[in-house]
Amino acid sequence: MNKGRLIIFSAPSGCGKGTMIAEILKDNNYRCSVSATTRKPREKEVHGVNYYFMTDEEFEQKIKENAFLEYAGYCKHYYGTLFSEVDDYLEKGINVILEIEVQGAMKVMQQRPDSVSIFVAPPSINELRRRLKKRNTETDEVIEQRVAEASNELAQAKKYNYIIVNDVLEDAVSDFFAVMRAEKLKSEFAGDIIE
Ligand code: 5GP
């Protein structure tokens with residue numbers, strides 16, 4: 001049986017990444033890793049489903065235990081990917097999506113060169129600000145912080161294998177599956193057929 005692929009999926013917040021992932025997860029061959037974070041849960045977010053919500057002390061204890069494939073600081077909080085969310089699933093042939101920001105993505109690209117990295121970009125920064133305001137989950141100050149962070153992240157998009165612009169959701173999702181289909185056809189993954 002072929003192993004699953006590790007997929008690094010980064011997008012500035014407000015890019016519609018959540019909606020895209022919800023569409024992708026309708027396919028049972030994919031799962032999204034549940035990250036640990038020290039930020040407070042938003043309304044409707046559930047521990048163990050959206051994130052493992054931790055205190056700084058709990059997070060730092062996990063760092064000491066080497067429980068993280070990667071972790072990073074983002075807008076004054078820790079975010080990290082636990083090994084336990086990734087490797088068992090890959091072994092079972094399931095593709096695992098890491099929804100992570102740019103610093104963490106760079107670490108995973110180095111440690112797991114066989115991963116596929118995808119950056120999801122908004123049609124424009126103004127459109128991104130509009131979407132964040134419409135979502136109405138953050139204060140104006142936090143929105144501006146996130147818009148600034150998004151501009152920094154966009155500057156790094158070219159370090160990813162693929163860039164998908166999320167203007168029309170269905171097109172972006174279909175681009176994602178096109179990428180995965182092409183990846184599957186790469187000669188380096190044809191080992192089982194052609195020895
Ligand atoms: P949010 O607070 O909006 O849920 O997430 C903020 C940022 O943290 C997003 O860019 C998200 O992709 C990123 N993020 C979520 N989980 C992880 C993680 O485990 N590691 C890293 N490096 N970034 C993460």
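Helix H5 (residues 125-135) packs against helix H6 (residues 140-154) at an angle of about 145°, their axes lying 10 Å apart. The model is predicted: local features need pLDDT of at least 70 and side-chain atom pairs pLDDT 80 or more, while totals for chains, interfaces and linings use all residues. Residues are numbered from 1 along each chain as its sequence is written, and side-chain values use heavy atoms, without hydrogens and water.

**Helix packing**
- The crossing of H5 and H6 is right-handed.
- Among the H5 residues in contact (heavy atoms within 4.5 Å) with H6 are Ile125, Leu128 and Leu132; the H6 residues include Ile143, Val147 and Leu154.
- By class, this contact of H5 with H6 comprises seven nonpolar, one polar and six charged residues.

**Ligand site**
- The ligand is surrounded by 17 residues (a heavy atom within 4 Å), the closest being Ser35, Arg39, Tyr51, Tyr79 and Glu101.
- Polar side-chain atoms of Ser35 and Arg39 lie 2.7 Å and 2.6 Å, respectively, from an oxygen atom of the ligand.
- For Arg42, a side-chain N or O atom is 3.0 Å from a ligand oxygen atom.
- The ligand alone exposes 510 Å² (Shrake-Rupley method, 1.4 Å probe), of which the protein buries 95%.

Terms used: Axes are lines fitted to C-alpha atoms, for helices over the stretch in contact, and angles run from 0 to 180 degrees between N-to-C directions. Helices (H or I, at least four residues) and strands (E, at least two) are DSSP runs, numbered from the N terminus. A crossing is left-handed if the near helix is turned anticlockwise from the far one by less than a right angle, and right-handed if clockwise. Ala, Val, Leu, Ile, Met, Phe, Trp, Tyr, Cys and Pro count as nonpolar, Asp, Glu, Lys and Arg as charged, and the others, Gly among them, as polar. A polar contact is a pair of N or O atoms within 3.5 Å; within protein, one must be able to donate a hydrogen and the other to accept it, and residues adjacent in sequence count only if both atoms are side-chain atoms.
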